[in-house]
Amino acid sequence: TLFPYTTLFRSVKTQVKISFVRENRMRILYKINNLLLTGKDKRQVVESCGDNLIDMFNRTIMIAIVDDKSILQKPNIYIFNDKYNKNIFESGIEVEGTEKCFRTGKSVGIEAEIPIKSVGYYHPITGQNEVLGVIGIACFDENILSENEKILLQSVSTQMALAIEREDLYEKKRQVNMEKDREKLRGNLLRSISHDLRTPLAGILGCVSTISDNYDVLDNDTKKELIKNIYEDTSWLIHSVENILSMTRLDEG
């Protein structure tokens, strides 16, 4: 007579455990979302997701994202426990899985869109126009992801893509603003240089004009003084031009 009650108790206990896991995963998903909203750069985006994906899946995690030239960078590995080495994602088939996922924009691994016999299950971080990275999840002993886990992974990758594109947009805007500031500085510098060059050139022109127009009536001391002024202004101009050329070479690296 106790058998039905024992079975019912086990069933309830199982359902409670499943509910607890789901609730915990939703809490972590909400936490990831908040962290991604407040992230200051792509490094923080990756770290926020990596640390929390471990708690969400209880598995070792790999995340690799692209650089400014859309080249996939070296992955960041987040170890679930000390049992597994971080080098698990560096074997030939795992690297192949990562690259194939990045290249095709499809999931790669056991029971994935592109099935291969890898330890990792690789899911693309897909932006609006390109693949922005790859999330890898260790599936040791063929402990494959459930459909619910795949849905969660899709949700996290979507959030990551939005955060990465936001940071890329911010960086482009920052670069545009920097270029505007650089052009403004260059314009101010040119105006300042033009003003500084105009003064000695006017002095040279005045001295030469005075000597040319009044050569016969000027005494030698006056001529020497005017020529001295021409010499000093010319020396200052040469020194200034050399400085400008030095600044140009520095600007060119």
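**Notebook: two loop residues, one hairpin, two ring contacts**

I began with N58, which is partly exposed at a relative accessible area of 46%. This is a predicted model, and I read every value below as computed from it.

**Entry 1: positive phi**

I looked up phi for N58. The angle is near 55 degrees, a positive value in a residue other than glycine. I then placed N58 on the chain. N58 sits in the loop between α2 (42–57) and β1 (61–65). The cut-off for exposed is over 50%, so N58 at 46% stays in the partly exposed class.

I went on to E111. Its phi is near 55 degrees, again positive and again in a residue other than glycine. E111 belongs to the loop between α3 (92–104) and β3 (120–126). Buried or exposed? E111 counts as exposed, at 51% relative accessibility.

**Entry 2: the chain as a whole**

I counted elements next. The protein chain has 5 helices and 4 strands. Along the sequence I read the pattern α-α-β-β-α-β-β-α-α.

I checked burial for the protein chain. Of its 253 residues, 32% are buried. I also pulled the accessible surface, which comes to about 17,000 Å². Carbon and sulfur atoms hold 56% of that surface.

Then I took contacts between residues at least 6 apart in sequence. Of these, 56% join residues at least 24 apart.

**Entry 3: β3 and its partner**

I turned to β3. The strand is mostly covered, with 6 of its 7 residues buried. Which strand pairs with β3, and in what sense? I found β4 (residues 131–138), antiparallel, over 7 bridges. A hairpin of 4 residues joins β3 to β4. I noted one bridge by name: Y121 has I137 in β4 as its partner.

**Entry 4: H123**

I stayed in β3 for H123. H123 counts as buried, at 9% relative accessibility. I listed what its side chain reaches. A polar contact of 3.0 Å runs from the H123 side chain to the side chain of Q154. Another, at 3.4 Å, joins the side chains of H123 and S157.

I also pulled the contact list for H123, leaving out residues up to four places away in sequence. The list holds C101, S107, G133, V134, I135, L153, Q154 and S157. Q154 and S157 are thus both on the list; G133, V134 and I135 fall within the residue range of β4.

**Entry 5: aromatic rings**

I searched the whole structure for aromatic pairs and got 1. The pair is F89 with Y122, edge-to-face, 6.2 Å centre to centre and 75 degrees between the planes. The label rests on the cut-off of over 60 degrees for edge-to-face.

Where do the two residues lie? F89 is in the loop between β2 (76–78) and α3, and Y122 is in strand β3, so the pair ties together parts 33 residues apart in sequence. I checked cover for both. F89 is buried at a relative accessible area of 5%. Y122 is buried too, at 0%.

**Entry 6: a charge over a ring**

Last, I looked at K223 and Y215. The charged end of K223 sits over the Y215 ring, 3.4 Å from the ring centre.

Technical notes: Residues numbered from 1 in each chain as written. Predicted model: local features only at pLDDT ≥ 70, side-chain atom pairs only at ≥ 80, totals over all residues. Heavy atoms only, no water. Buried < 20%, exposed > 50% of the residue type's maximum accessible area, 1.4 Å probe, protein only. Contact = heavy atoms within 4.5 Å. Areas by Shrake-Rupley, 256 points an atom, 1.4 Å probe, with all protein chains shown as cover. Pairing = 2+ DSSP bridges. Polar contact = N/O pair within 3.5 Å; in protein donor to acceptor, adjacent residues only side chain to side chain. Phe/Tyr/Trp six-rings, centres within 6.5 Å; stacked < 30°, edge-to-face > 60°. Lys NZ or Arg CZ within 6 Å of the ring centre and 35° of its normal.
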